[in-house]
Every structure is written in C-alpha cells, then in structure tokens.
Amino acid sequence: MITIEMHDVSIGYGRNVVLKGINLRVSPGEMVGLIGPNGCGKSTIIRALSRIIPPFSGRILVDGQDITRVSRRELAHLIGVVPQMPLLPSAFTAFEIVLMGRNPHLGFLQYEGPREIAIAWQAMEKTGTQSLAERRVSELSGGEIQGLLMARVLAQETKALLLDEPTANLDIGRQIEILGLIRNLRLDGNMAVLAALHDLNLAAQYCDRLVLIDRGRIYAEGTPREVVTAKNIAEVYGAESCVYSHPVNGLPCVLLKADNARLPGLSDTHEKEFSKD
Amino acid sequence: MNAAPPVHLLHWRGRVYGIAGLIILLAVVAALATTVGSVQIPFLTTGSILLSRLPLIEIVPKWASTLETIIIDIRLPRVILAGLVGAALAAAGATYQGLFRNPLADPYLIGVAQGAALGAVIGFLLPPGWHALGFGIIPLLAFTGALISTTVVYMLARVGKTLPVTTLILAGVALGALLSSIVSYLIISSGEKIHGIMFWLMGSFSLSQWSEVIMVLPYILTGLVVLLLYARSLNLMQLDEEQAQQLGINVERLKLVLLGAATLITAAAVSFVGVIGFVGILIPHAVRLIWGADYRFLLPLSVLTGAIFLILADIIARTVLAPTEIPIGVITAICGAPFFLYLLRRRRRVIF
C-alpha cells in the first residue's frame with residue numbers, strides 16, 4: 001500500500017515549463033483521473049511520477065520517500081506504468097512482451113522460471129489476451145496492444161498504477177472490461193491508481209476524484225460531480241455541453257452540443273425539452 | 001484451469017537444442033579446419049594429435065613431429081583465432097543492433113574499425129626500427145586507435161548526463177568518415193607498402209600465432225561474458241528507453257556497460273586480424289530468422305554461429321587459391337550473402 005504525492009511541482013522539457021505548482025495525492029485504494037485538453041500535461045505528470053523527467057522544483061514522494069532517492073529497480077516494484085502508444089519491438093511475441101513485466105523481480109543472474117511464466121500467463125488471462133500469446137507484436141491491433149500493456153503491468157505486480165489513456169484504442173466493451181479490472185485491482189489489492197483519461201464519461205464513472213488540468217495548472221479538483229460541470233467544460237475545452245446525472249448511479253454524464261443544433265429539421269421543442277435542468 | 005505454466009511459449013526446447021547442436025557443429029568444424037590445408041593430414045591423425053594434447057588422455061605418438069607442429073603451432077591457433085573473432089563480431093553486432101534498435105547497425109558503426117585502420121596504417125608506415133620492438137606494433141596501434149576513436153565519439157555524443165543513441169550513431173558516422181579519409185590519404189601516399197595495408201584492411205588470419213590468441217582471449221572472453229549477463233536487459237531495451245526505465249532498468253548505465261563491452265571485443269578482434277565485414281551485421285539477423293529475437297538466446301546462438309561461420313570462411317580463404325590467400329572479408333561476403341538472402345526469402349516475417 002503506497003501513496004503517491006506531488007508537492008508544489010513544476011515540470012517541463014528543456015527550459016520550457018509545462019506545469020507549475022502541481023499538488024497531487026493518490027492514496028491506496030483510490031483512483032484519481034487526470035483530465036484536460038490535448039497537450040495540457042497529463043502525460044508529463046505521469047512521466048514525472050515514473051522518474052522519466054526530473055521536476056524543476058518541488059518534491060515527488062512515493063511511499064513517503066523522495067522519488068530521486070529510489071532506484072529504478074525499487075521504483076519498478078512500487079509503480080507500474082501503462083504508457084500511451086508506446087514503441088514495441090515488432091519481432092517479439094506477445095508473451096515475451098508480457099514476461100518483460102517480471103524484470104524488476106528477477107536478480108542479475110536469474111532468468112524467467114516457471115513461476116514468472118505462470119504469473120505472466122495469469123496476467124494475460126485476466127486481460128483476455130491469452131489467445132494472442134504466440135503472435136508477434138507486428139500482427140496485433142491497437143486494442144490488442146493496449147490489452148498486452150495492461151497484462152504486462154499486472155505481471156509487474158506493483159503497488160500503484162499510472163495509466164496514460166488505458167482505454168484509448170478500445171471498443172466500448174473492452175473499455176468497461178479494462179476499467180472494471182482496474183477497479184478490482186484498487187479495491188481488492190488496495191492499489192493507488194492515477195489515470196489520464198480523454199473520455200469524461202468514463203472518467204466520471206470510474207474515478208473517485210478527478211483533477212482537471214488546463215494551461216499548466218490544476219483548474220479544478222474534486223469528486224466527478226464537482227469537476228464535470230458544463231461550466232468547467234466550456235471554460236477548459238471551449239466546448240458547449242449538457243451535463244446530466246446518470247439514471248442509475250447519479251454520476252455526471254456529458255453530452256456535447258454540436259454546432260448544427262439549430263439546423264432545419266430539429267424542432268425548438270426538442271431543444272427546450274432537453275435543456276431544462 | 002491453468003495448471004501448468006505454458007513454458008512451451010518461450011520455445012526453449014528448440015533454442016536449447018540449437019545451442020547444443022551448434023556446440024557440436026563448432027567442434028566438428030574446428031577439427032575439420034585443422035585437417036585441411038596445404039599439407040594433407042588424415043582426419044584420424046589430426047584427431048589423435050589434438051586428443052593427445054588434452055589432459056588425462058594418453059596416446060602413443062605414431063606420427064611425424066612435423067605434423068604435430070603443423071597442427072598444434074600453425075593451424076590450431078589460426079582456427080581458434082578465427083572462432084574467437086567470429087564470436088566477438090557476431091555478439092558485438094547483435095548488441096549494437098539491440099542497443100541502437102537499428103537493424104543496420106554493425107560492430108563498426110561508431111568508429112571502431114576506422115580508428116583501428118588509422119592506427120594500423122600508421123603502424124605500417126613507421127620506420128622499420130619500430131617493428132623490431134619484439135611485439136606486434138600494428139595490433140597495438142590498431143587497438144589504441146580503435147579505443148581512442150570510440151572514446152572521442154562517446155564524448156562528442158554525450159548530452160549532459162545522457163547518451164542519446166541517435167547522436168551517438170551520427171557522431172560515429174561523422175568521425176568514421178573523417179578517419180577513413182585520412183586512411184585513404186595515407187594509403188595513396190604509402191608507396192610499396194600499399195599491398196600489406198590493403199591486405200590487413202580486408203582482414204586475414206594468415207599471421208595467427210599462439211601469442212596472438214593469448215593476447216586476444218582475455219578481452220573477448222570478458223566482453224562476451226558481460227554481454228551474455230546483460231541479455232535480459234537488452235531485451236527490455238527493445239521497448240523504448242522510457243519503458244525500459246519504468247520496468248526497472250538503469251538505461252544510461254546499461255548503455256555504458258554494453259557499449260564498453262561490445263567495443264572492447266570488436267577492437268581486440270579487429271586489431272589482430274583486420275576489418276572483417278559482414279559477420280557482425282548478418283550473423284545476428286540469420287540467427288533471428290531461425291530462432292527468434294529474444295536476446296537471451298540470440299547472443300549465445302550468434303556467438304556460436306559467428307565462430308563456425310568464420311572458421312569455415314577461413315578454410316575457404318586459405319584453400320581455394322592455395323598457396324595464395326584470399327582476404328577473409330571477400331569470402332564472408334561471397335558465401336554469406338547468398339545464404340542470408342535465401343533465409344530471408346524463406347521466412348517472410350518480421351525479424352527485427
């Protein structure tokens with residue numbers, strides 16, 4: 001069980017500051033969603049939390065320790081990352097890729113034994129990727145690769161997850177499947193989960209808290225109901241929308257208003273009826 | 001449900017059989033290579049002479065002592081050196097390809113060969129007095145040249161605390177071009193020494209002796225052990241550097257260790273036998289075509305295949321036009337390229 005924290009962190013590339021004064025905390029068993037427009041710095045936060053880019057200022061704590069004092073290997077025991085559209089070597093088989101998740105658990109002179117193989121195989125079962133095991137990466141679709149990355153991070157057996165658009169290439173059935181899997185992991189395994197998500201509806205359905213990022217800072221933070229509002233969406237994304245309560249669980253749902261709302265054929269009554277609330 | 005872990009998914013059996021088969025093949029090819037030559041010695045006699053030198057085996061000599069000299073002092077060091085150099089170049093090539101994630105990488109990509117060539121050419125042009133120092137001045141200068149040029153490339157390519165592989169390749173190619181042009185100039189102005197220089201540049205085992213084997217051995221063995229130990233890490237480097245780091249690899253340290261080991265064994269190999277092309281780039285690809293891309297098997301299989309290939313190539317080099325020797329680099333390309341193209345056409349799938 002670990003907590004991930006960012007204290008007044010500024011991050012960027014070269015001399016270019018991307019994010020400023022970020023305070024963030026993900027507790028065990030909690031799923032926090034990072035939302036915001038393209039290029040707002042969601043991936044940058046994930047890269048900083050996995051020690052790929054050092055922060056300009058501020059502190060990043062993992063399990064109470066400063067992240068710069070944790071070795072790569074120790075960090076890979078604690079935090080697993082699912083990157084967005086990563087490069088995978090096309091000549092490797094899906095199973096070989098998943099097995100790479102076991103790397104932090106193996107000693108210098110150790111090769112993967114039956115135990116490692118069994119763990120990787122189970123991870124593929126949980127993510128529904130077993131049938132891909134012997135296929136080469138070059139033969140897989142975007143969605144299949146997404147499932148494979150999920151299997152790899154499960155095989156890594158970490159205490160926290162950082163997910164960059166884990167559902168980006170998935171159809172709606174697989175989206176629910178993968179997000180359900182993540183929910184079980186954090187609830188049963190008490191994992192801390194931080195996920196960058198594009199889809200506001202999925203973010204609202206699956207996250208305990210949402211962090212809305214805009215122009216290099218945190219614009220809003222709180223429960224999905226507090227963050228996903230028509231006002232916030234209009235100000236951050238510049239998109240007009242209607243936000244409803246989900247008929248089953250009452251969580252916010254976003255419907256976009258297209259520009260063609262006033263085109264002939266759509267009656268005024270229709271519009272009135274839906275814009276009550 | 002899933003009782004037994006699906007070990008078969010790693011194709012260990014085929015790969016382990018591959019390694020075992022190649023070890024046997026290597027022994028056979030090495031024995032064959034000591035038999036074949038200008039003096040015909042029966043295979044059984046060769047075998048007996050070789051076995052008699054092993055500890056715990058007593059064989060009463062029934063052969064002329066000149067035959068023993070030919071086998072033990074002339075052919076055997078040559079065969080061992082060919083095997084070592086083949087193993088070194090193939091392993092270094094596989095490592096560079098993995099490290100740079102580039103199928104076109106070969107052991108000479110970052111200036112080793114050009115540095116060695118400049119060192120060797122300077123050695124050839126030194127006044128005769130220098131050559132009487134009692135040890136091989138040319139290998140020494142070639143080795144020094146190779147290490148200096150790669151160190152310079154390394155320092156040029158560094159950006160802060162990191163070593164971006166693209167910068168490294170570009171710095172290597174640029175410095176290599178500079179050194180090559182100096183070598184070309186020196187060759188043109190070398191007068192009657194040009195023949196010796198050209199022969200060295202194309203690679204040859206004709207001057208192999210035990211003293212050279214003993215000098216090369218520690219470098220190549222140490223380097224190969226280091227590369228084999230890091231094979232699993234090299235697999236992870238086939239993802240990108242970011243993912244490798246997120247899976248617990250200290251990428252910058254890994255690059256330094258692998259570059260150091262691969263460069264050292266290449267420099268040692270090149271210094272004594274010249275620049276032998278083709279082995280380092282195509283042996284690893286041939287192995288990939290047959291056994292897959294996993295570096296834990298790719299490296300040992302490349303070591304064995306490289307050794308076998310170069311020993312065979314050397315047999316051809318010294319027998320086809322005997323007593324004239326063909327530069328070994330010519331043989332490796334003439335024999336290796338068609339075989340590789342055959343493999344490439346037979347297995348039409350992604351190999352890298």
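What radius of gyration does chain B have, and how does that agree with a compact globule of 352 residues? Chain B comes out at 21 Å, and a compact globule with that many residues would have a value near 20 Å, so the two agree. Please keep in mind that this is a predicted model. Here is a friendly tour of chain A, chain B, the interface and a handful of residues to look up.

**Chain B as a whole**

- The secondary structure of chain B consists of 15 helices and 0 strands.
- Measured out along the principal axes, the C-alpha trace of chain B covers about 65 × 60 × 40 Å.
- Buried residues account for 54% of the 352 residues of chain B.
- If you take the contacts in chain B between residues at least 6 apart in sequence, 75% of them link residues at least 24 apart.
- The exposed area of chain B is about 15500 Å², and 73% of it is supplied by carbon and sulfur atoms.
- On the charge side, chain B carries 21 positive and 13 negative side chains. The centres of these two sets are 10 Å apart.

**Chain A as a whole**

- Chain A has 10 helices and 12 strands in its secondary structure.
- With a radius of gyration of 20 Å, close to the 19 Å given by the globule rule for 277 residues, chain A is as compact as a globular protein of that length.
- The C-alpha trace of chain A spans about 70 × 45 × 35 Å along its principal axes.
- Of the 277 residues in chain A, 54% are buried.
- Among contacts in chain A with a separation of 6 or more, 66% are between residues 24 or more positions apart.
- Chain A exposes about 12700 Å², with carbon and sulfur atoms providing 52% of that area.
- Chain A has 29 positive and 31 negative charges, and the mean positions of the two groups lie 5 Å apart.

**Where the two chains meet**

- The interface brings 45 residues of chain A into contact with 37 residues of chain B.
- About 3600 Å² is buried between the two chains, and carbon and sulfur atoms give 60% of this area.
- Three residues are worth picking out here: B:Arg232, B:Gln246 and B:Leu247 supply 20% of the area that chain B buries against chain A, more than any other three residues.

**Two residues of helix α1 in chain B**

- Helix α1 of chain B runs over residues 12–35 and holds B:Ile24. B:Arg15 is found in helix α1 of chain B too.
- B:Arg15 has a relative accessible area of 5%, so it is buried.
- B:Ile24 counts as exposed because its relative accessibility is 56%, and the cut-off for exposed is over 50%.
- Beyond its neighbours within four places in sequence, B:Arg15 touches one residue of the other chain, A:Glu96, and its contacts within chain B are B:Leu10, B:Trp291, B:Gly292, B:Ala293, B:Asp294, B:Phe297 and B:Leu301.
- B:Ile24 and B:Leu207 are separated by 183 residues in sequence, and their C-alpha atoms lie 27 Å apart in space.

**Positive phi angles in chain A**

- A:Asp8 is not a glycine, yet its phi is positive, at about 50°. This residue belongs to strand β1 of chain A, which covers residues 4–13.
- The relative accessibility of A:Asp8 is 48%, so A:Asp8 counts as partly exposed.
- A:Met85 is another residue other than glycine with a positive phi, here near 40°. You will find A:Met85 in the loop between β6 (79–82) and α3 (94–99) of chain A.
- A:Met85 is exposed because its relative accessible area is 66%.

**A buried leucine in chain A**

- A:Leu185 sits in helix α6 of chain A, residues 172–189.
- At 19% relative accessibility, A:Leu185 counts as buried, because buried means under 20%.
- Setting aside neighbours within four places in sequence, A:Leu185 is in contact with A:Leu154, A:Leu161, A:Asn190 and A:Met191.
- One of these partners, A:Leu154, is 31 residues away along the chain, and its C-alpha atom is 9.2 Å from that of A:Leu185.

Conventions:
Residues are numbered from 1 along each chain as its sequence is written. Chains are lettered from A and ligands numbered from 1 in the order in which they are written. This is a predicted model: local features need pLDDT of at least 70, side-chain atom pairs count only at pLDDT 80 or more; totals for chains, interfaces and linings use all residues. Side-chain values use heavy atoms; hydrogens and water are left out. Helices (H or I, at least four residues) and strands (E, at least two) are DSSP runs, numbered from the N terminus. The radius of gyration is taken over C-alpha atoms; the globule rule is 2.2 Å times the number of residues to the power 0.38. Buried means under 20% relative accessible area, exposed over 50%, partly exposed in between (1.4 Å probe, protein chains only). Contact means heavy atoms within 4.5 Å. Accessible areas come from the Shrake-Rupley method with a 1.4 Å probe; for residues, only the protein chains shown count as cover. Lys and Arg count as positive and Asp and Glu as negative; His and the chain ends are not counted. The place of a charge is taken as NZ of Lys, CZ of Arg, CG of Asp or CD of Glu. Buried area is the accessible area (1.4 Å probe) that two parts lose on being put together, summed over both.
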